[in-house]
Amino acid sequence: MTVYNFAVKQTDGSEKALADYQGKVLLIVNTATGCGFTPQYEGLQKLYEAYQDRGFEVLDFPCNQFKNQAPGTNEEIAEFCQLKYHTTFQTFGKIDVNGENEAPLYSYLKSAQGGLLNKAIKWNFTKFLVDREGNVVKRYASQTKPEAIAEEIEALL
């Protein structure tokens with residue numbers, strides 16, 4: 001099993017197969033528009049601009065589970081990111097990353113390497129780095145700035 005086995009909802013509610021990203025290095029992030037870490041959108045966009053042409057994608061999953069810091073509709077969240085942070089990477093529909101309604105993708109991400117990865121997502125902007133074969137390589141805490149991941153992305157590209 002890899003991330004390519006999953007489908008997720010886009011902002012318009014339609015399904016998107018993650019198999020469409022086969023062969024790319026992915027950074028999967030649960031985000032929020034009203035969080036202290038929200039300025040990380042700038043760093044995510046810089047990574048995307050720097051490596052997109054080499055097969056890198058950022059997959060943005062808004063999540064309102066942490067103190068309701070991702071209010072608004074899917075469209076409003078995507079528009080906020082595009083207008084305020086000039087994001088051009090894919091923003092998906094809002095999801096739950098923990099609990100009873102947890103997205104299957106996040107169940108997989110958290111359990112992919114066992115051990116500590118099996119723990120609940122603690123906050124917004126937790127990041128998962130995925131290699132070109134769809135395997136989860138590493139999990140990063142919210143405090144890890146996107147630019148700190150650049151070398152590890154380059155190594156996978």
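A residue counts as buried here when its relative accessible area is under 20%. The model on screen is predicted.

**Strand β4**

Select β4, residues 56-62. On one side of this strand lie Phe56, Val58, Asp60 and Pro62, and on the other Glu57, Leu59 and Phe61; each of these is buried, so both faces of β4 are covered. With 7 of its 7 residues buried, β4 is largely enclosed by the rest of the structure.

**From β4 to β3**

Next, add β3, residues 25-31. Its pairing with β4 is parallel and extends over 7 bridges. To find the register, show Val25, which stands opposite Phe56 in β4. Then trace the backbone from β3 through α1 to β4: this β-α-β crossover is right-handed.

**From β4 to β5**

Now select β5, residues 90-91. It runs parallel to β4, and 2 bridges join the two strands. Show Asp60 together with Thr91 of β5, as they stand opposite each other. Between β4 and β5 the chain passes through helix α2, residues 74-85, in another β-α-β crossover, again right-handed.

**The whole sheet**

Display the 5 strands together. They form an open sheet, ordered β5-β4-β3-β6-β7, with mixed pairing. Which strands stand at the edges? They are β5 and β7 (136-140); each has a single partner strand, so one side of each is left without a neighbour in the sheet. Strands in a sheet pair through backbone hydrogen bonds, in either a parallel or an antiparallel sense.

Zoom in on β6, residues 127-130, which is antiparallel to β7 and joined to it by 4 bridges. Here Phe128 stands opposite Arg139 of β7. Add helix α1, residues 40-51, which packs on the sheet and touches β3, β4 and β6. The direction of α1 makes about 155 degrees with that of β4.

**Leu18**

Finally, select Leu18, in the loop between β2 (15-17) and β3. Is this residue buried or exposed? Leu18 is buried, with a relative accessible area of 0%. Show what surrounds it: leaving aside residues up to four places away in sequence, Leu18 touches Val3, Tyr4, Phe6, Ala7, Val8, Leu59 and Leu105. Among these contacts, Leu59 belongs to β4. For Phe6, draw a C-alpha to C-alpha distance to Leu18: the two are 5.8 Å apart in space and 12 residues apart in sequence.

Notes. Residues are numbered from 1 along each chain as its sequence is written. This is a predicted model: local features need pLDDT of at least 70, side-chain atom pairs count only at pLDDT 80 or more; totals for chains, interfaces and linings use all residues. Side-chain values use heavy atoms; hydrogens and water are left out. Two strands pair if DSSP finds at least two bridges between them. Contact means heavy atoms within 4.5 Å. Axes are lines fitted to C-alpha atoms, for helices over the stretch in contact, and angles run from 0 to 180 degrees between N-to-C directions. Buried means under 20% relative accessible area, exposed over 50%, partly exposed in between (1.4 Å probe, protein chains only). A crossover is right-handed if, with the strands pointing away from the viewer, the path from the first strand over the helix to the second runs clockwise.
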